[in-house]
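The following exercises introduce a structure through its rings, its core, its backbone and its internal spaces. Please attempt each task before reading its solution.

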Amino acid sequence: MLEKYYPSEYAGSAYDIDYRRLYESGIRGIIFDVDNTLVHHGDDATPEAVQLFRDVHAIGFKTVLLTNNDEERVTRFNADIGTQYVCDAEKPAPEGYEKAIALLGVQKNEALVIGDQMFVDIIGANRCGIRSILVHYIEVPGEKWLGFRRYIEMLILLFFRISRRNISGLSDNRERNT
Ligand SMILES: [Mg+2]
């Protein structure tokens, strides 16, 4: 019942992922959410974000940004990165994901979505049959208020972790919020 919300994997951050392992597993194209996945909502690219794209491109990945935000926002973020993007994507609708796959020029089974929202990034990836990694949203010191949806996400994530433990006996030691 909850499987449609489950990512393929969970990671504490987009910056903590072993991208070489993903490449070795056959992934060739990465679809990145921007806000709260790579930077705090609305922020420009940080040096860390710019370096991440250099690193994944050096491994051999193609990348695309997939965002519900508008062109002004994504081009500002993308200024020092220069990757492809789909803006105003209306995630979780499948059309944006299909455009992103076309831009990557890879098969769906070679693509991966990385995003911070289960009800947006992950449910959309699942509808399209694309693998995904849910990351913990970028937190800013002093930002206390959490939307109701975040609490529901945490609850579903708990069921996801329990289901993974029951299947594989594995736990993810990279998680920050345990
Ligand atoms: Mg996001």
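At 6% relative accessibility, Y19 counts as buried, where buried means under 20% relative accessible area, exposed over 50% and partly exposed in between (1.4 Å probe, protein chains only). The model is predicted: local features need pLDDT of at least 70, side-chain atom pairs count only at pLDDT 80 or more, and totals for chains, interfaces and linings use all residues. Residues are numbered from 1 along each chain as its sequence is written, and side-chain values use heavy atoms, with hydrogens and water left out.

**Exercise 1. Describe the aromatic pairs and the pair formed by Y19 and F32.**

Step 1. Rings of Phe, Tyr and Trp (its six-membered ring) pair if their centres lie within 6.5 Å; planes under 30 degrees apart count as stacked, over 60 as edge-to-face and the rest as tilted. The structure contains six aromatic pairs.

Step 2. For Y19 and F32, the ring centres are 6.5 Å apart and the planes stand at 45°, so this pair is tilted.

Step 3. Y19 belongs to helix α1 (residues 19-24) and F32 to strand β2 (residues 29-32), so the pair ties together parts that are 13 residues apart in sequence. Helices (H or I, at least four residues) and strands (E, at least two) are DSSP runs, numbered from the N terminus.

Step 4. F32 is buried as well, its relative accessible area being 0%. One aromatic cluster is formed by Y19, Y23, F32, F53 and F61.

**Exercise 2. Which charged residues lie over the rings of Y23 and Y10?**

Step 1. A charge sits over a ring if NZ of Lys or CZ of Arg is within 6 Å of the ring centre and within 35 degrees of the ring normal.

Step 2. Over the face of Y23 lies R28, at 3.7 Å from the ring centre. Over the ring of Y10 sits the charged end of R161, 5.2 Å from the centre.

**Exercise 3. Which residues of the largest nonpolar core touch the most other members?**

Step 1. A nonpolar core is a set of buried Ala, Val, Leu, Ile, Met, Phe, Trp, Tyr and Cys residues joined through side-chain atoms within 4.5 Å.

Step 2. The largest such core has 29 residues, and those touching the most other members are Y19, F32, L38, F77 and I114.

Step 3. Two or more residues of this core come from each of α1, β2, α2 (47-59), α3 (71-78), β5 and β6 (131-135). With six residues, α2 gives the largest share.

**Exercise 4. Examine the backbone in the loop between β4 and α4.**

Step 1. Most residues other than glycine have a negative phi, and most peptide bonds are trans.

Step 2. In this loop, D88 is found with a positive phi of about 45°, although it is not a glycine. D88 is partly exposed, at a relative accessible area of 46%.

Step 3. E90 lies in the same loop between β4 and α4 and has a positive phi near 55°. At 60% relative accessibility, E90 is exposed.

Step 4. A cis peptide bond, with omega about 10°, joins K91 and P92. P92 is located in the loop between β4 (84-86) and α4 (94-104).

**Exercise 5. Which residues line the largest cavity, and which are closest to the centre of the second largest pocket?**

Step 1. On a 1 Å grid over the protein atoms alone, a cavity is a set of points where a 1.4 Å probe fits but cannot get out, and a pocket is an open set with protein on both sides within 12 Å along at least five of seven lines; lining residues have an atom within 4 Å of a point. Grid points are joined across faces, edges and corners, and a volume is the space filled by probe spheres set on the points.

Step 2. The largest cavity has a volume of about 30 Å³. Its lining consists of I31, F32, D33, L66, K91, Y97, V113, I114 and D121. β2 and β5 (111-115) each supply at least two of these lining residues.

Step 3. The second largest pocket holds about 200 Å³ of space. Among its 14 lining residues, Y10, H136, E153, M154 and L157 are the closest to its centre. α6 contributes the most to this lining, with six residues.
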